[in-house]
Each structure stands twice: as C-alpha cells, then as structure tokens.
Amino acid sequence: MTHRRSIARAIAIPAAVLLLLGTAGCGSGDSGPAKPGAGGSGRGGTLVIGATGKLPNPDTVIGGAGFEGKRLVSFQLYEGLTRYDLSKTDAPPEITGALATAWKVAADNKTWTFTLRKGVTFQDGTAFNADAVIFNLDRYLNKKSQYYTDALGAAAGEYAGDITSYRKLGEGRVQLVTKQPNGHFTEDLAHVLIASPTAVRKTGTKNFARHPVGTGPFAFTSQKEGQQIELAAHKNYWRGAPKLDKLVIKSLPDAAARTAALRSGDVNWIEYPNPDDIDSLKADGATIATNSYDHLWYWILDTSKKPWKDPRVRRAANYAVDRAAIAEKLLHGTADPAAQAAPRATFAYDKSGDTYAYDPAKARKLLAEAGYDKGLSTTVTVPTGGSGNLLPVPIAEAIQRDLGAVGIKVEIRTTDWTTLIGAEADGKVALGSDAIAQSTTLFQSEALLPLFIGSNSPFWTGHYRNADVDRLLASASASTDRTRRRADYREALSLVTKDAPWLFVVNDRNPRALSPKVRGLIQPQSWFLDLTTVSVGS
C-alpha cells in the first residue's frame, strides 16, 4: 500500500499511487446547491471550482485525488510545519515556514530542531503546540497509537517514513530525527499535515473524514462523498483570514461539463478547460490563467525488451514527434514542447539540454542503424483521463501518426487512470503493453524522484537502470547544500535525456478558466495554489 500511495502523489498525480485508489471521506449530508458569488458576509463572495477528478478523502494525508485534490482541498484545510511560498509567478516556489517559524539541522545532518509558530489555532479553536505535532506524528508513525491506521501509516510514509524518532522540547520546539541525511526534509514536511488533536479524539480516526479540522485557511462545512465539498473562511487563520467567505469544490471530470458549468454560472472557475474551448471562453469574457510548472507528459518505454531495449530506437522515436504541433495546435498553446527530461519550470532545466528537435530524417536513420529499416510495431497503454493528463488519447493519437510516418506502428490501448497507476505501482503494465503514457511531477515532491528514475524502484519504470543516475540521486538526497543538490539533479536528468528511457512530449502550462468576477489569483509555477488572495465580485 505504501508504494501505491507514493506513485499517486507524484503522478499528476501524479499525478504520482495509490492516492487515486484511496476511498473518499464519508458524506456528512447534502450541502445543497452552491451559488457562485453569493457569500455569507458579502465581503469576498463564494468561489465554486470545477475539478477534473474525484475529490479526495479530507482526512489529512489520505487524499485519493492526486495533486489536484491536495491543491484544492487538503492544502486548504491543513498545513504542515513548512509550506510552499506560492506568492511568486516567475520562479518555482521555495519552502518557507508554516506551523514552524525556523529550523536547524545538527552536524549529523539527521537531527532537526523546529521552532513552532505561536498563537496559531485550529479551526475548532484548539491551540496549536508541540503536543499537537507529537499527536499527529504518533497517528502516522506509532502503531501503538489508538488513532493509527495502516492507511494513514502508508500515506504518511511517503514523506514522514524517514523519521526514526521525535520528541517535544518544551512548548515551542520539537526535535525530529531522520534515518539518514535528508536534504529535502523541509519540503517533505509540507506534506505531513497536522490535524486538530481535539477533533480526532472526538470523532476517532474512523469518522474524522466526516468532520476534518486543521489550521489551514478554510474550514470544513459539508460534503458529498467524492463529489462536492464546501469550506468556509477560517477567520482566525494565522496569515490573515482569506478574502473569500466560502470555497466550494465540485467534481466535474467531463471537460465539456466543466465548460458548460462555467458558462451557465454553476461554477466560476474550472480546472483544465478543454483547449478547443479556450478561444470561445475568452470571447465570453473568461480569463485563462496559465504558467509553467513542474509537469511532464511522456511515455515510459520498456527498455528491457525489443523494440525499446535499443537506445537508438528510443532516440529515433523522440526525434520523430512534432512536439510543437501538439503544444500549439492540439493543445492551443496550453503546453510547451518537452525536448528533455527536466520540465521547464524546474531548477534542473537548462535550455541547452533541449535535445530532441523534430527531425523525421534523423529518426529514420537511427531506426535503420538499429536494424529496423523496414519499420516495427509496438503498443502503448494510455489513460482516458486523470489529474494532469491533459488530453491523453488525442495526444497519443498525434504521436501515433508521427511515429507511423517514420515506420513505428503503434497500437493504442486505453484504460482508466486508476487501473493504469494501480498496475504501475505493482510493477506491472496495464493491458501488457510495451509502454505507458502519463504525466508526472519530478521536483514538486523531490523525495519521490528516485521512484521514477532510480534502478531499485518498486514501480514499473520500464526497467530503466543507470548507475551514474543512482549515484547522483543518492548524493543529492543526502545533501543539505541546496546548490550541490540541484547540480546533482541537473546532471542526473541530463543523463536520462541522453538515455531516452521516456518519450518526452510536453510540459503543461496549468490552464484554468475563471469568470471575470474572480479576482486576485496569483498563478505560481506549481501544482499548488494560495487561494487566500482570491475574491469573487458581484
């Protein structure tokens, strides 16, 4: 279960699994129809967002809807000791303090001391303190805790599994010790969400998802299981109350339904509008917000057998794809061509590393050198949808045409997203294909990077192995020197680009369509959002 949940976090998941397989929290009653803009106090209005997938279980780390669920629900209800600074648009977000204001690591690079923020209260009025941190870590890591469950332990293990001990150092500090040096530990802790001990004790873990309570900017009001959740502004939020009065998230997995809901006024914001609808939405007065972020849409190729065992064939496929046409024509400028492994909006990206320009002649030459001058046949499993997957089948069909033009005949096999990542988490390929198509993040959850390009991953990675990549990943993970760590990652990704175990396709630009009444959105280079700045006019 731990491996399944890890991949769900990362695959646009993942993205990364299997958070999508997690069960959504039980409903606490029909919340009734939400009316966009009709806020409780009229100060900031009601924001109603149409999401692309099922909504997550609102119990802290359980999730179940990839990073979209975390973006729209989990990170609105809860916080960790740290958080992403989502206030900037011109660079990937850095980690800053949330429930902790400062931290330091000892000379062993394993013993961390965190100074906690004073004056913070949970949405139920409970004071946040060191005891709350210890209570939550017990709930995640201590099997003897009455509030621990295997599901919580598995989910928390992705980011807190490296913690070997923890203790309170007075009311205002805690000490956490990791198994080994961990340079991205402060980033990991942004995902270790803190719940109100009072609320957990009141409901028990089994029923906590019905009445979740955190320290985040929005407090739970009601929900329909997996379909709709209503939140209200946390008036005593330590960073200042959100401008909105109310936040409603609706599950609208069908793109046409999302567009129709925005046009009718049932929602005033939709995640990932169909690119074909963007021009008409603009004509209707909608705002289309985009920005680069840590995203890659790609195929994982089975490097253990023909035809993808030969790196010349893998490189040939990469030269055969017209990424610019996919990005500009099919996706209407909502994505950028991906000519290397590192997504554009990451510190690992270097424009000089863009390797795979559209060059069908070079593709045919490489195929001939590999003994495939008469062409070859292969198969790919493609999800029909899912968080971060854009238009997976149309993209795959465009690639199918491009590869066919150089002699690579591709059979597309479709399945649902949950089935694809479920098999992947078990080290298998749904429908037994030679490749799988999906999207992922690489650095938004730095701890998970070895699961995608490391040799010993429990996931299906196409059997990719490179000892130098493994060495660089290990060096980066253990270093608390950010400059050195990023240099190691950059070199590792350049090796992946050269080896081409993936078919690199596009980097999404994270489009969302907003009613003209929605104001104040800051669109960062991130999967996540700060909704405290947003308001809805009348």
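Which elements each supply at least two residues of the lining of the largest cavity? They are α3 (66–77) and β2 (82–84). Before we look around that space, please keep in mind that this is a predicted model. The largest cavity has a volume of about 220 Å³, and 17 residues line it. If you want to find its centre on screen, look for F75, R83, Y84, L86 and R239, which lie nearest to that point. β2 gives the most to the lining, with 3 residues. By class, the lining has 9 nonpolar residues, together with 4 polar and 4 charged ones.

From the cavity, let us move on to a pair of hairpins. In one of them, strand β6 (residues 163–168) runs antiparallel to β7 (residues 173–178), and the two are paired over 5 bridges. One bridge to pick out joins K168 to V174 in β7. There are 4 residues between the strands, and in this turn G170 has a positive phi of about 80 degrees. β7 also holds Q175. Is Q175 buried or exposed? Its relative accessibility is 16%, and because the cut-off for buried is under 20%, Q175 counts as buried. Setting aside residues up to four places away in sequence, Q175 touches T111, W112 and T113, as well as S165, Y166, R167 and L169.

The other hairpin is made by β8 (residues 218–224) and β9 (residues 228–233), which pair in the antiparallel sense over 6 bridges. Here A219 has A232 of β9 as its bridge partner. This hairpin has 3 residues between its strands, and G226 takes a positive phi near 70 degrees. Of the 7 residues of β8, 5 are buried, so the strand is largely enclosed by the rest of the structure.

Now for the helices, where a little geometry helps. An α-helix has 3.6 residues a turn, so residues three or four places apart point the same way. Try this on helix α11 (residues 323–330), in which R323, I326 and A327 are buried. Seen down the axis of α11, these buried residues fall within an arc of 90 degrees, so they line one face of the helix. What do the buried residues of α11 pack against? Their partners are α10 (311–320), β14 (335–337), α13 (392–405) and β18 (502–508). Just after α11 comes H332, with a positive phi of about 50 degrees.

Helix α12 (residues 360–369) can be read in a similar way. Its buried residues are A363, L366 and L367. They cover an arc of only 100 degrees around the axis, which puts them on the same side of α12. On the face turned away from that buried side you will find the exposed residues A361 and K365. The cover over the buried residues of α12 includes α10, β15 (376–383) and β16 (408–415). α12 is followed by G371, which has a positive phi near 90 degrees.

We can return to β18 through one of its residues, V506. With 0% relative accessibility, V506 counts as buried. Which residues is V506 in contact with, leaving aside its neighbours within four places in sequence? Among them are R323, I326 and A327, the buried residues of α11 that we met above. The contacts of V506 also include H295, L296 and W297, then L331, A335, D336, P337, A338 and L390. By contrast, L281 is 225 residues from V506 along the chain, and the C-alpha atoms of the two are separated by 23 Å.

To finish, here are some backbone details in the loops. N510 sits in the loop between β18 and β19 (512–514). Its phi is positive, about 60 degrees, although N510 is not a glycine. N510 is buried, with a relative accessible area of 7%. L431 is another residue other than glycine with a positive phi, near 70 degrees, and its place is in the loop between α14 (417–425) and β17 (435–440). Where does P307 lie? It is found in the loop between β13 (296–301) and α10. The peptide bond leading from K306 to P307 is cis, with omega near 5 degrees.

Terms used: Residues are numbered from 1 along each chain as its sequence is written. This is a predicted model: local features need pLDDT of at least 70, side-chain atom pairs count only at pLDDT 80 or more; totals for chains, interfaces and linings use all residues. Side-chain values use heavy atoms; hydrogens and water are left out. Buried means under 20% relative accessible area, exposed over 50%, partly exposed in between (1.4 Å probe, protein chains only). The arc is that of the directions from the helix axis to the C-beta atoms. Contact means heavy atoms within 4.5 Å. Two strands pair if DSSP finds at least two bridges between them. On a 1 Å grid over the protein atoms alone, a cavity is a set of points where a 1.4 Å probe fits but cannot get out, and a pocket is an open set with protein on both sides within 12 Å along at least five of seven lines; lining residues have an atom within 4 Å of a point. Grid points are joined across faces, edges and corners, and a volume is the space filled by probe spheres set on the points. Ala, Val, Leu, Ile, Met, Phe, Trp, Tyr, Cys and Pro count as nonpolar, Asp, Glu, Lys and Arg as charged, and the others, Gly among them, as polar.
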